[in-house]
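Here is a short briefing on pockets, one helix and salt bridges. Look at the structure first, then read the points by topic.

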Amino acid sequence: MSICRRIRALHPVALPLLLGGCDGPQSALRPGGQDAAQLYLLFVVMLVGAVVLWLALNGLFFYFTRVNQQQFSLRHGNRIIIGAGVILPTVVVGSLLAWGLSIMPSQRAPGDGLVIRVTGEEWWWRVEYWPPGADAPIVSANEIRFPAGSRTELRLTARTYIHSLWIPSLGGKMDMIPGRETVLTLHPDLEGFYRGQCAEFCGASHAMMAFESVVMAPDDFDAWLAHEAAPASRPQTPMQVRGQDIFRDEGCGACHAIRGTEFTGSVGPDLTHLASRHSLAAGIMEVERDDLMRWIAHTRDIKPQVAMPPYDWLDAEELAALAAYLESLE
Ligand code: CUA
């Protein structure tokens with residue numbers, strides 16, 4: 001954001017390194033919605049306040065040790081201790097606490113209608129969209145889409161371990177706890193891509209539990225959601241048909257659902273519209289031929305302890321056909 005650019009201009013070499021985390025799709029310093037903007041303002045005020053306090057304290061220290069070394073009367077000393085050591089910190093910390101608490105309720109406020117239920121799995125995200133009035137969810141995985149300009153309610157839980165959902169550019173983080181439901185509501189405003197990441201250590205592949213979130217214009221979002229609710233497209237080319245046969249023969253449908261087919265497994269991510277997503281394997285690879293082949297054959301080398309076994313007995317031709325079928329699931 002602009003403040004980063006301004007700070008960078010101050011020093012051409014050192015500060016860019018220091019501020020490497022300012023930009024990018026996963027930066028709390030690049031707010032894309034109301035909640036992140038509030039947190040960003042809180043951060044800037046605290047940063048500026050800390051710098052001012054640091055300068056003031058060191059200025060006083062320098063003044064009383066180098067400039068004016070005369071002894072204080074007991075009364076004068078007590079005044080400094082009570083003023084700078086008790087009253088000032090109480091006012092500063094108390095105000096920050098009150099402000100911090102005041103911005104928390106909006107992140108639990110009721111949404112404007114759309115509810116997205118997200119379950120933390122090992123190590124991926126089960127995502128279910130519940131539009132107002134729906135009696136069944138539209139199931140997806142590893143990508144969360146939001147309509148811009150309204151407040152969306154995220155209802156969070158987890159299957160086995162505690163995870164934490166965090167999209168730094170859109171707001172604060174929230175724990176996902178097995179057997180409980182926690183609520184986080186987000187009000188994204190700027191359309192675009194924002195990266196999310198699990199923010200609670202949850203096991204071997206914690207660092208590889210990420211996802212894309214996409215903020216869309218409300219009309220685009222509605223069109224996308226209608227497409228997401230539709231069954232999968234049928235395989236067209238001979239290679240895609242062969243890929244679907246391999247998917248069936250290898251038993252992939254026992255864990256993965258592809259709506260509109262006989263594959264109805266619910267252990268792993270729903271693959272109905274896999275090819276329309278922007279990442280594979282929870283934010284760590286791309287949905288394209290080579291990555292799909294590599295992922296299917298080497299799941300546990302790429303993502304330790306993941307439930308999906310590596311299908312390393314498939315030859316290159318079979319993997320390519322399987323990938324072609326999955327790539328057709330737009
Ligand atoms: Cu899930 Cu860390």
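In the residue classes used here, Ala, Val, Leu, Ile, Met, Phe, Trp, Tyr, Cys and Pro count as nonpolar. Asp, Glu, Lys and Arg count as charged, and the others, Gly among them, count as polar. By those classes, the lining of the second largest pocket has twelve nonpolar residues, with no polar and no charged ones. The model is predicted.

**Second largest pocket**
- This pocket holds about 280 Å³ of space.
- Its lining consists of L53, A56, L57, L60, F64, F72, I80, A84, L88, P89, V92 and V93.
- Helices α3 (34-67) and α4 each supply at least two residues of that lining.
- Which helix gives the most to this lining? The answer is α4, with six residues.

**Helix α4**
- Helix α4 covers residues 74-102, which makes 29 residues.
- From first C-alpha to last, α4 reaches 40 Å. That is close to the 42 Å expected at 1.5 Å a residue.
- Where does α4 bend? The bend is at L88 and is about 30°.
- A proline, P89, follows L88 within four residues.
- Both L88 and P89 also belong to the lining of the second largest pocket.

**Largest pocket**
- Rolling a probe the size of a water molecule over the atoms shows where empty space is left.
- The largest pocket has a volume of about 580 Å³.
- It is lined by 33 residues, and the closest to its centre are H256, G268, P269, W295 and M308.
- The lining splits into 23 nonpolar, five polar and five charged residues.
- At least three lining residues come from each of domain 2 (110-215) and domain 3 (238-327).
- Two helices, α7 (289-297) and α9 (316-327), each supply at least two lining residues.
- The largest share of the lining, three residues, comes from α7.

**Salt bridges**
- Side chains of opposite charge can pair when their charged atoms come close.
- How many salt bridges does the structure hold? There are 15.
- One salt bridge joins the side chains of D35 and R151, at 3.0 Å from N to O.
- This pair links distant parts of the chain, 116 residues apart.
- D35 sits in helix α3, while R151 lies in the loop between β4 (143-147) and β5 (152-158).
- Helix α3 thus appears under two topics: it carries D35, and it supplies at least two residues to the lining of the second largest pocket.

Notes. Residues are numbered from 1 along each chain as its sequence is written. This is a predicted model: local features need pLDDT of at least 70, side-chain atom pairs count only at pLDDT 80 or more; totals for chains, interfaces and linings use all residues. Side-chain values use heavy atoms; hydrogens and water are left out. The expected span of a helix is 1.5 Å times one less than its number of residues. The bend at a residue is the angle between axes fitted to the seven residues ending there and the seven starting there. On a 1 Å grid over the protein atoms alone, a cavity is a set of points where a 1.4 Å probe fits but cannot get out, and a pocket is an open set with protein on both sides within 12 Å along at least five of seven lines; lining residues have an atom within 4 Å of a point. Grid points are joined across faces, edges and corners, and a volume is the space filled by probe spheres set on the points. Domain bounds come from an automatic or database domain assignment. A salt bridge is a side-chain nitrogen of Lys or Arg within 4 Å of a carboxyl oxygen of Asp or Glu.
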